[in-house]
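The following questions and answers examine how certain descriptive terms are applied to a protein model. Each answer sets a computed value beside the criterion it must satisfy.

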Amino acid sequence: MGLSINGCKAIVEMQFADFVSTGFNPIVNYLAKVHYRWQENADVVVRMPCGGGTQAGPFHSQTNEAWFTKTPGLKVVYPAFPYDAKGLLATAINDPNPVLFFEHKQLYRSIYQEVPTDYYTLPFGKASLLKEGNQISIIAFGAAVHWALEVLEKHPEISADLIDLRSLQPLDTETIFTSVKKTNKAIIVQEDTMFGGIASDISALIMEECFENLDGPVKRVASLDSPIPFTKALEDQFMGKSRLEESLLACLAY
């Protein structure tokens, strides 16, 4: 914050997103509000390596975007692909507002893609429509996007819109609502634990804006409301990935 006040761009990397809790008060009560309160610069990007799947346990595996999506004044970005990560990070660095930039640790080592060497940016608040269909809208971000792609590859008979949100604050509600009004069903997938996650807010928004178009209840898929276990077998049970296929098929059959 001091660097920002003195005209510099500050980019902080947390090593593990879990560790942000030690800086929670400065982020939610200072960075998020300082411009609103006295028009001061808050030109800071906080990089947040996050997520499970690596058996790193409860202090190195959380995906804690919901701590910040509810804080006015913060932007929250969460790419699922290398191309998006580069373009969105460039946008975050250009943006004069504080940005929490989530980077999934397992995706670092598992998802590869051709990325232009030239400079480019991607806009915040614009989701990516990865697949188009007419039976159901699958809304996801981060590693959950790849869970959905795996299930759809296993079930080629499913005709689905797959929306990669990319940006959580601001949120691309237009793409979500347009898709749900077309498919008439929706399932929202997050890696975070269920209660209080952004999937709950997206579900509520769909119910408020698309109720007359729905042919079934909006479904959420998330991790168990528990700390993340170390052991792989237990971590696999914890993650929402283990329940996605069953939940998706249940939604389609409703």
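**Reasoning from values to terms**

Q: Why does phenylalanine 24 count as partly exposed?
A: The model is a predicted one. Phenylalanine 24 has 31% relative accessibility. Buried requires under 20% and exposed over 50%, so phenylalanine 24 at 31% counts as partly exposed.

Q: Why is tryptophan 67 partly exposed?
A: Its relative accessible area is 32%. Because the range between 20% and 50% is that of partly exposed residues, tryptophan 67 receives this term.

Q: What makes the aromatic pair of phenylalanine 24 and tryptophan 67 edge-to-face?
A: The structure holds 8 aromatic pairs. In the pair of phenylalanine 24 and tryptophan 67, the ring centres are 6.0 Å apart and the planes stand at 90°. Rings pair if their centres lie within 6.5 Å, and planes over 60 degrees apart count as edge-to-face; both criteria are therefore met by 6.0 Å and 90°.

Q: Which parts of the chain does the pair of phenylalanine 24 and tryptophan 67 link?
A: Phenylalanine 24 belongs to helix 2 (residues 24-31) and tryptophan 67 to helix 4, and the two residues are 43 residues apart. Ring pairs also link Phe24, Trp67 and Phe68 into a cluster.

Q: What makes the pair of tyrosine 83 and tyrosine 120 stacked?
A: The centres of these two rings are 4.7 Å apart, with 15° between the planes. The limit for pairing is 6.5 Å, and planes under 30 degrees apart count as stacked; the values 4.7 Å and 15° therefore satisfy both conditions.

Q: Why does the pair of tyrosine 83 and tyrosine 120 tie together separate parts of the sequence?
A: Tyrosine 83 lies in helix 5 (residues 82-94), whereas tyrosine 120 lies in the loop between helix 6 and strand 5 (128-131), so the pair ties together parts that are 37 residues apart in sequence.

Q: Is tyrosine 120 buried or exposed, and how do you know?
A: Tyrosine 120 has a relative accessible area of 12%. Since buried means under 20%, tyrosine 120 is buried. Its partner, tyrosine 83, has 30% relative accessibility and counts as partly exposed.

Q: Why does glutamine 39 count as exposed?
A: Its relative accessibility is 56%, and exposed means over 50%; glutamine 39 therefore counts as exposed. This residue is found in the loop between helix 3 (34-38) and strand 2 (44-50).

Q: What is notable about phi of glutamine 39 and of glutamine 55?
A: Most residues other than glycine have a negative phi. Phi of glutamine 39 is near 60°, a positive value, and phi of glutamine 55 is near 55°, also positive. Glutamine 55 is placed in the loop between strand 2 and helix 4. With a relative accessible area of 32%, glutamine 55 is partly exposed.

Q: Which peptide bond is cis, and what is its omega?
A: Most peptide bonds are trans. The bond that joins glutamine 169 and proline 170 is cis, with omega about 5°. Proline 170 is in the loop between strand 8 (167-169) and helix 8 (173-183).

Q: What makes strand 5 and strand 10 the edge strands of their sheet?
A: The sheet is open, consists of 5 strands in the order 5-7-6-9-10, and has mixed pairing. Strand 5 and strand 10 (219-223) each pair on one side only, and they are its edge strands.

Q: How do you know that strand 9 and strand 10 pair?
A: Two strands pair if there are at least two bridges between them. Strand 9 and strand 10 are joined by 4 bridges and run parallel; the criterion is therefore met. Isoleucine 188 has arginine 220 in strand 10 as its bridge partner.

Q: How do the residues of the lining of the largest pocket divide, and which helix gives the most?
A: The largest pocket has a volume of about 320 Å³. Its lining divides into 6 nonpolar, 6 polar and 5 charged residues. Helix 7 gives the most, with 5 residues. Gly53, Gln106, Trp147, Met239 and Lys241 lie nearest the centre, among 17 lining residues.

Technical notes:
Residues numbered from 1 in each chain as written. Predicted model: local features only at pLDDT ≥ 70, side-chain atom pairs only at ≥ 80, totals over all residues. Heavy atoms only, no water. 1 Å grid on protein atoms, 1.4 Å probe; cavity = no way out; pocket = protein on both sides within 12 Å on 5 of 7 lines; lining within 4 Å. Points joined across faces, edges and corners; volume = space filled by probe spheres on them. Nonpolar A, V, L, I, M, F, W, Y, C, P; charged D, E, K, R; others polar. Buried < 20%, exposed > 50% of the residue type's maximum accessible area, 1.4 Å probe, protein only.
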